[in-house]
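Let us walk through this structure step by step. We start with its cysteines, then take up one helix, and end with the open and closed spaces.

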Amino acid sequence: MNNFIDRYQNFINTNSIAKKINTFCNSYLFMFIIGFLVVISNVFAIELFCFPIISLLGVVTLLFSKDGKPLISIILLFLMSLSYKNGLSYNPNFDIPNIFDKTWVIVYSAILIGIVPLTAIFNFIVFRQYKLAFKKSLMFLPGLIALGVAYVLGGIGPKYTPNNLLFSLSNILMIIGLVLYFSDLAFLNKKEDTMKYISMFMVVTLLVISFQVIGIYFINDVIVNGTIDKGQIVTGWGIHNNFAGYICLSLPFIFYLMVKEEKSWIYFLLIIFAGLTTILTMSRNGLLIFAIEIIIGLIAYIKIKKIKRKTILISALSLLGVFVLGFAIFHTQIIELFNHFIELGFSLNGRDELYKIAWDSFLANPIFGSGWFVFETTTPDYYISPNPFSPSFKAHNIILQILSATGIVGLIGFIYYNYDLHIKVFKKNSFEKTILYFAILILMLSSIFDNFFFDYGFERYLGLFYIGLSIYHYDSKELIN
């Protein structure tokens with residue numbers, strides 16, 4: 001076995017083709033290709049064609065790359081490749097069968113997805129530097145274990161269902177797997193590239209989401225009689241608030257690239273594009289968070305770059321003039337287009353009822369909560385038939401969600417998890433750490449009026465930010481080369 005591993009490692013290190021494949025997998029181009037495949041798969045509902053390609057790229061990445069960094073784009077973006085027509089979790093047209101209603105398709109997809117972790121195990125065995133990296137990652141285990149115990153015990157309440165246990169385990173194992181597998185070994189070689197790599201990945205996320213939102217407008221007939229029908233802004237894996245949430249998560253990293261990169265105007269245009277796409281999502285929560293980020297980000301950018309007041313004033317007035325002129329010319333059409341959005345105003349849109357149900361569920365079972373699936377039995381009017389493995393509706397508030405589902409036990413575990421990470425990482429501050437903390441804060445703020453936590457996609461991104469923080473905990477000399 002050792003002889004085989006030695007020969008394989010020697011092949012990876014010396015073969016010219018293997019080196020080129022490794023370079024390609026670790027380049028920014030790779031994540032853009034994954035993002036392109038995700039958009040194509042979703043917009044045209046061709047998962048059966050794109051799944052094999054994405055899985056094959058995952059296998060190639062793990063066979064020819066010494067670290068698991070390129071796998072991040074596959075793991076985090078894969079959820080977004082479920083189309084509106086073939087979605088497993090959110091699809092209002094239940095009378096129309098999708099491809100996942102067929103047993104052979106489920107088996108086929110499971111085999112494809114299963115090949116990747118099997119290859120990852122091979123990758124882990126072959127490259128021995130993982131052992132040292134894994135020891136470093138163990139510093140995060142106390143917080144992860146506390147969160148895991150809270151997740152699993154939470155929801156015992158009056159009836160502890162198998163689905164509740166499975167959902168708890170799947171979420172915590174995903175976070176533990178991400179943090180322990182990726183925290184060091186995904187960036188074994190170049191610490192200085194870590195933040196840029198994460199930032200470029202968030203740019204890909206922004207583009208993937210934005211192009212899909214634009215595509216939805218054409219596919220789902222979102223604009224009806226000149227007015228945006230917010231209910232039609234939906235795809236197989238998410239709705240308007242989800243899309244806006246992902247866009248908001250990308251913004252701190254775009255500001256980071258604006259500060260660090262020479263061609264900052266490119267990222268300025270990206271921010272404008274992100275703002276327009278956020279408007280298209282019709283998410284009030286998203287627009288509020290986006291506005292907060294813009295104000296904080298621009299103030300920070302101006303201070304760091306030491307931009308002159310005259311330049312700021314001219315730029316601000318010019319931009320304001322464009323918006324005022326555009327609204328003056330097209331105000332009738334704009335008001336009509338966003339009529340539904342304007343009518344909603346500051347209405348909680350039924351969230352007050354959800355908050356009450358969540359609070360009552362907590363009071364009924366304050367220690368261990370009432371389980372993740374409490375809303376399935378208490379809110380039949382809101383019920384959306386989901387993938388039965390995941391809760392279909394949530395409290396739309398992170399604290400109430402934790403309290404209602406997992407009680408005080410879950411809240412303590414969640415707080416300790418974040419506290420444990422903070423005291424270990426925040427000993428020395430840096431610009432990179434500030435950006436990562438800001439991204440986590442945005443996710444927390446977004447979850448005050450929505451359900452971004454305890455959604456598989458967003459917990460993956462939370463894991464990514466924790467990975468970044470864990471890397472910046474170490475000095476360069478401590479990294480494994």
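A disulfide is counted here when two cysteine sulfur atoms lie within 2.5 Å of each other. Such a bond is covalent and joins the sulfur atoms of two cysteines. The model is a predicted one. How many disulfides does the rule give? The count comes to zero disulfides. Two cysteines deserve a look all the same. Cys25 has a relative accessible area of 1%. Cys248 also comes out at 1% relative accessibility. The cut-off for buried is under 20% relative accessible area, so Cys25 counts as buried, and so does Cys248.

Now turn to helix H3. H3 runs over residues 28–44, which makes 17 residues. From first C-alpha to last, H3 reaches 25 Å. That is close to the 24 Å expected at 1.5 Å a residue. Which residues of H3 are buried? They are Phe30, Met31, Ile34, Gly35, Leu37, Val38, Val39, Ser41 and Asn42. These buried residues have several helices as packing partners. Helix H2 (16–25) and helix H4 (47–64) are among them. Helix H5 (71–77) and helix H10 (194–219) complete the set. After H3 comes Ala45. The phi of Ala45 is positive, near 55°.

Next, the open spaces. The second largest pocket has a volume of about 1,100 Å³. Its lining takes in 29 residues. Closest to the pocket centre are Ile272, Ile294, Leu298, Leu319 and Phe323. Three helices each give two or more residues to this lining: helix H12 (264–281), helix H13 (284–305) and helix H14 (309–337). Which helix gives the most? H12 does, with eleven residues. What is the make-up of the lining by class? The second largest pocket is lined by 22 nonpolar and seven polar residues, with no charged residues.

Last, the closed spaces. The structure holds one cavity of 30 Å³ or more. The largest cavity has a volume of about 40 Å³. Which residues line the largest cavity? One stretch of the list gives Lys394, His396, Asn397, Ile398 and Gln401. The rest of the lining is Ser447, Asp450, Asn451, Phe452, Phe453 and Phe454. By class, the lining of the largest cavity has four nonpolar, five polar and two charged residues. Set the two linings side by side. The second largest pocket has no charged residues in its lining, whereas the largest cavity has two.

Notes. Residues numbered from 1 in each chain as written. Predicted model: local features only at pLDDT ≥ 70, side-chain atom pairs only at ≥ 80, totals over all residues. Heavy atoms only, no water. Helix = DSSP H or I, 4+ residues; strand = E, 2+ residues; numbered from the N terminus. Expected span 1.5 Å × (residues − 1). Buried < 20%, exposed > 50% of the residue type's maximum accessible area, 1.4 Å probe, protein only. Contact = heavy atoms within 4.5 Å. 1 Å grid on protein atoms, 1.4 Å probe; cavity = no way out; pocket = protein on both sides within 12 Å on 5 of 7 lines; lining within 4 Å. Points joined across faces, edges and corners; volume = space filled by probe spheres on them. Nonpolar A, V, L, I, M, F, W, Y, C, P; charged D, E, K, R; others polar.
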